[in-house]
Amino acid sequence: MEKLKGGIEGKQCEFTKYKNKVRCLFAVQSKNTKYCNFHAYLDSDEFVLCPVDPSHSVKKEKLEKHVKKCNKTKDNAKLEQSEWYKKDINVVNPLFDLKSVEEPKRLKTFSQAELDAWYIRIDEVWQIVKDQIIQMVDSDQTEEEKLAALGVVDIEEIKESKEPKEEEKKQEKLELTKTTKHTLQHNKIVDMMDNYGLLKHRDIKYLEYGAGRGLLSHYLHERLDSKLSEEEKKNHEENNFEFYLIEREKIRYLADRHYKEHNNHKRIRVDISHFDISHIHQEHSLKKSEKEPSKELEASEEIKEPNTEPDDGKLFSKYLVDPNIKIVGIAKHLCGGATDLAIHSLTQSPLTYGVIIATCCHQRCDERTYVNIDYLNELGFKKDYEKSWLFKTTSWAVSGAYRIDKAAEDDSISKNSLRKTVTGYKAKRILELGRAMILKKKCNLKVSLKQYCSKIESPENMLLIGIRE
């Protein structure tokens, strides 16, 4: 074996990733362990995970000193100095302590009797909200087809149907690479935006939450560019659409580097929980005053409290901005609570015109960030551990994403396994309804659920779409 840089010659870390079985490439730094410094906590009680950055470990005796000089500590300090930073501004319940939630029993340790009782509990809640969720599905399909698209189907009907649809057979045979899947997903989300009238060329600001490399904005920019006439392309100032890419991590190979000459992309390095959307209002006001110094804006320079009621047009007077400006929040597969943080951020602006988010990982939601806890209380999930169970139940849907499609041809898939999958989907849709209610109440958006791709392309194939009414 070649000498591994920075470690003992010939001693490679023995940590292996669970999912893809890939072994860690770092070298062992000490003779007394078989792991590198990143994974040393697995082999010794002397090491603990760094509380600032859990991607590496450190000796207990050096922990206090390490935290002060950790690169992540320095990085966080820089982020907090950002003009876009306002601590926990998008956290709905910042005082809630997640560690205080004591579950009498973990969901995965439930007995069959306890599982059956929990199935019934979710089914009862589902019956209460079922009609509202079906109405949210924007489709000409029948009610049964809508339920199938939502993943919430009748288990008995699945087992009775022995022949899968021909269309499903073709989808099963598709061999999609990871890159091809993402390309299809991005293009289909942009197609949906076009269909819902969210592709406008003037006075619109797209906020991509959890942007990563910025690929969704990249595909959106290409589509918008293709719609412009040659004369409009020459005059960038007339094409008044802008992109704000919000991402907390340092990312390489940025897709927005292709549009530097357009000068309409702005990267904002900040965690969504601390992202202050009101700074967009201030920034636009400065641009407007530079272009039109002679015109006095009627509004006060001070940004007032965020909107908490549906906007009737009068609230624009609170902001030093042009009321014709529209903010559209976009995201692809924004994990769990990050979706709630983004939604709460959008409710803080009276300029929010639309939102389109491909949601995922609902099991990573929590009571600290979920935007509509009152709604869950009304549905009977009043105890903290019950809400925690509801969030975690959603993981059953994704872990069994293909069971429903394959159940008709595979008798080995048990009825209990199917019921678990369907219950997971019901929990997901219950949470989406709560989000839709908030967007309706605070932003006056008409919210829909739309299946934008097949389950083969992505198990998380639903879009949360909101348009100003």
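The following exchange introduces charged and nonpolar surface features and salt bridges in this predicted model.

Trainee: Which residue of the positive patch lies in the loop between β4 (241-246) and β5 (265-268)?

Mentor: The patch of positive charge on the surface gathers K59, K62, K65, K69, K74, K78 and K250. The elements that give two or more residues to this patch are α1 (63-69) and α2 (71-80). The loop between β4 and β5 holds K250.

Trainee: Is K250 buried or exposed?

Mentor: Exposed means over 50% relative accessible area. The relative accessible area of K250 is 66%, so K250 is exposed.

Trainee: Where in the chain is the salt-bridge partner of E242 found?

Mentor: E242 forms a salt bridge with K205, with the closest N and O atoms 2.7 Å apart. The two residues are 37 residues apart, E242 being in strand β4. K205 is in strand β3 (residues 204-209).

Trainee: Is K428 buried or exposed?

Mentor: K428 meets E460 in a salt bridge of 2.9 Å, N to O. E460 lies in the loop between β8 (445-451) and β9 (462-468) and K428 in helix α16 (residues 415-443), so the pair ties together parts 32 residues apart in sequence. Buried means under 20% relative accessible area. With a relative accessible area of 1%, K428 is buried.

Trainee: Which residues form the nonpolar patch on the surface?

Mentor: Together the residues of this patch have about 240 Å² of accessible area. One of them, L42, is found in the segment before β1 (47-49) and is partly exposed at 42% relative accessible area. The patch is formed by Y41, L42 and L49.

Definitions and conventions: Residues numbered from 1 in each chain as written. Predicted model: local features only at pLDDT ≥ 70, side-chain atom pairs only at ≥ 80, totals over all residues. Heavy atoms only, no water. Patch = residues over 30% accessible without salt bridge, like charges linked within 9 Å, V, L, I, M, F, W, Y side chains within 5 Å. Areas by Shrake-Rupley, 256 points an atom, 1.4 Å probe, with all protein chains shown as cover. Salt bridge = Lys/Arg side-chain N within 4 Å of Asp/Glu carboxyl O. Lys, Arg positive; Asp, Glu negative; His and termini not counted. Charge placed at Lys NZ, Arg CZ, Asp CG, Glu CD. Helix = DSSP H or I, 4+ residues; strand = E, 2+ residues; numbered from the N terminus. Buried < 20%, exposed > 50% of the residue type's maximum accessible area, 1.4 Å probe, protein only.
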